[in-house]
Amino acid sequence: MFEKILIANRGEIAARIIRTCRKLGVQTVAVYSEADKDGAFVRMADESYLLGPAKVSESYMNSTKILTIARESKVDAIHPGYGFLSENASFAKKCEQEGLTFIGPSWQAIESMGSKIKARKMMENAGIPVIPGSNTPLTTAEDAALAADRIGYPVMLKASAGGGGIGMAEVYNEQELKKVFSSNSKRASLLFGDGTMFIEKKIVNARHIEIQLLADSHGNAVHLFDRECSIQRRHQKIIEEAPSPFISESTRQRMGRAAVKAAETINYQNAGTIEFLVDHKENFYFLEMNTRLQVEHPVTEEITGIDIVEQQLKIANGERIEYDQESLFITGHSIEARIYAEDPVSFYPSPGQITRWELPEGIGIRHETAIEKNSKVTPFYDPMLAKLVVSGSSRSEAIQLLNDALEDYRVEGIKTNIPMLKKVINHEKFIEGTTLTSFIEDHYLPMLSK
C-alpha cells in the first residue's frame, strides 16, 4: 500500500479520505487555502501545506502548486476527492508524468467521458440506451433551435463539458431556448473552459438513478447496486438513498449490467458512477458518467459494507477487486441528507460563524463533516456543511431515523436547509417513494406559499 498520499481537496471529503488512510496505515498530506487554515481536515492530516489565497484558481485548482507540494512532501499518490481537479484529465496526466499515482481512472478515461457529446456517442455504440438528442456540438442558438425542432420540445439544454447542473436549462419553446443559450454557453466557457452545448429530449416524470462501479486493472468490474437521487434543487442533489424504492429487481440487474458494460467499453479503472434517467415504465437512459468518487457514496457503503475509498486506494495500488458480482448483496436501506448553509426558502448561501454545532448520535447515524463549533462558513466554496447518513433494516425505519436525527440537529449562527429537509422527508410522495426530479418545483415550493 502507499506510504503517503496528498489529498487535493478540502472539507468533509478530505476528512473522509483521511479516516480511511488511518485505517490502512497510510500517511496523509492536506493542502489548504488561507480561508481554510483553521479547518478540521488540516489538523487531521499528518502534514499540511498552504496552497494560497481563498480564490479557487489560486488554491484548490492550482495544479502546479499542488504538484510542487506533492514532490516536496514525497508522496506516492494524489487523491482528488470530488469537484475541483477530480475530473480534470490534464491534472491526472500531469500526475502520471510526475511519477505519481492518481487515485482515480486514467486520464484517457476521464477525457473520454469529459465531453458529454462524446460520451453519448460511445454509449450508443456500446448498445446502452441514451436519451434522444444532438450528437454534434452546438455553438449558436440557431443550431440549437434546429436541433430542438428535430427532437421536439421540451428539451434540456446542457453544457458538453459541464456537470452539477451548471449551464443546464429546461426549455419549452424556441423563444426560451434563444434567451438562455448565450448566457449558459458563456457560463460553461468560464467554468469549464468549453462553451459547447448540446440538447437532449426532456424525459417527463423522470427519476434520477445511478449505479456505483468498481473496476480494477486486471479486467474485473462489478457494480455496487443503485442510488436514488431524484430529490434535487437547481439540478443539485440534496437527498439520496440506496437502494431505489422504485425500480424492480430485474431493472436493477439490467441497469447494473449496462453500467458494467459502459465501464468495460472505456477500459475504466477505479470507482465511478453511471447516472441514468428512468421513466415511469422503468425504461432507463444513459445520462453521464462521473469518473470520480460521488458525494453520495456513503449510502452505498452502508448497504454493502464496502469502504469505497479503501477500494479506490487498493485498485490504484494495482490490487484486484476483492469481490465478484455474485458475492455482493444489499442489506437494509440508507438515506443521506446534505446539510447546507443556505436559506431554506431562497436557497441562497448563508455564510457566517457557527456558534452552536451539536449533532445527533446513535445506532444507524453517520456524519460526514469537517465542521466544528466556531467554524466559519465562507462564501468561497460550496456551502455544504455535512452529510447526515442514516441506515435501517427497512426504508420506513431509515426515514424515521432521519426525521429524528434532523429534529435533534442544533446549528446556530447561520441559516441551514434543515427545515426544508424535514418538510421533504415528511411529504407523502417521499414516504411513498414516488418522488420525481421535479419534486421541489411540484411539491416543496408550493408548500412555502401556504
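## Salt bridges and a cavity in a predicted model

Glu 407 is partly exposed, with 41% relative accessible area. Here buried means under 20% relative accessible area, exposed means over 50%, and partly exposed lies in between (1.4 Å probe, protein chains only). The model is predicted, so local features need pLDDT of at least 70 and side-chain atom pairs count only at pLDDT 80 or more, while totals for chains, interfaces and linings use all residues. Residues are numbered from 1 along each chain as its sequence is written, and side-chain values use heavy atoms, with hydrogens and water left out.

**Charged pairs**

Side chains of opposite charge can pair when their charged atoms come close. Glu 407 forms a salt bridge with Lys 422. A salt bridge is a side-chain nitrogen of Lys or Arg within 4 Å of a carboxyl oxygen of Asp or Glu. By this rule the count comes to 37 salt bridges. Three of them are set out here.

| Pair | Closest N to O distance |
|---|---|
| Glu 310 and Lys 23 | 3.0 Å |
| Glu 322 and Lys 314 | 2.7 Å |
| Glu 407 and Lys 422 | 3.7 Å |

Take Glu 407 and Lys 422, bridged at 3.7 Å. This pair links distant parts of the chain: Glu 407 sits in helix α12 (residues 395-408) and Lys 422 in helix α13 (residues 418-425), 15 residues apart. Helices (H or I, at least four residues) and strands (E, at least two) are DSSP runs, numbered from the N terminus. Lys 422 is partly exposed at 23%.

Now take Glu 310 and Lys 23, which meet in a salt bridge. They also link distant parts of the chain, with Glu 310 in helix α11 (residues 308-316), Lys 23 in helix α1 (residues 11-24), and the two positions 287 residues apart. Is each partner buried or exposed? Glu 310 counts as buried, because its relative accessibility is 14%. Lys 23 counts as exposed, because its relative accessibility is 52%.

In the pair of Glu 322 and Lys 314, Lys 314 is buried at 15%. Glu 322 is partly exposed at 47%.

Which residues are joined into one network by salt bridges that share partners? They are Arg 16, Arg 19, Lys 23, Glu 301, Glu 302, Asp 307, Glu 310, Lys 314, Glu 322, Arg 366 and Glu 368.

**The cavity**

Rolling a probe the size of a water molecule over the atoms shows where empty space is left. The structure holds one cavity of 30 Å³ or more. A cavity is a set of points on a 1 Å grid over the protein atoms alone, where a 1.4 Å probe fits but cannot get out; lining residues have an atom within 4 Å of a point. The largest cavity has about 30 Å³ of space.

Its lining is made of Glu 228, Cys 229, Ser 230, Ile 231, Ile 239, Glu 241, Phe 430 and Thr 435. Two elements, β10 (221-233) and β11 (236-242), give two or more residues each to this lining. β10 gives the most, with four residues.

Thr 435 belongs to this lining. Thr 435 lies in the loop between α14 (428-432) and α15 (439-448). Thr 435 is buried, because its relative accessible area is 3%. Contact means heavy atoms within 4.5 Å. Leaving aside neighbours within four places in sequence, Thr 435 is in contact with Arg 207, Glu 228, Ser 230, Ile 231, Lys 429 and Phe 430.

Notes
On a 1 Å grid over the protein atoms alone, a cavity is a set of points where a 1.4 Å probe fits but cannot get out, and a pocket is an open set with protein on both sides within 12 Å along at least five of seven lines; lining residues have an atom within 4 Å of a point. Grid points are joined across faces, edges and corners, and a volume is the space filled by probe spheres set on the points.
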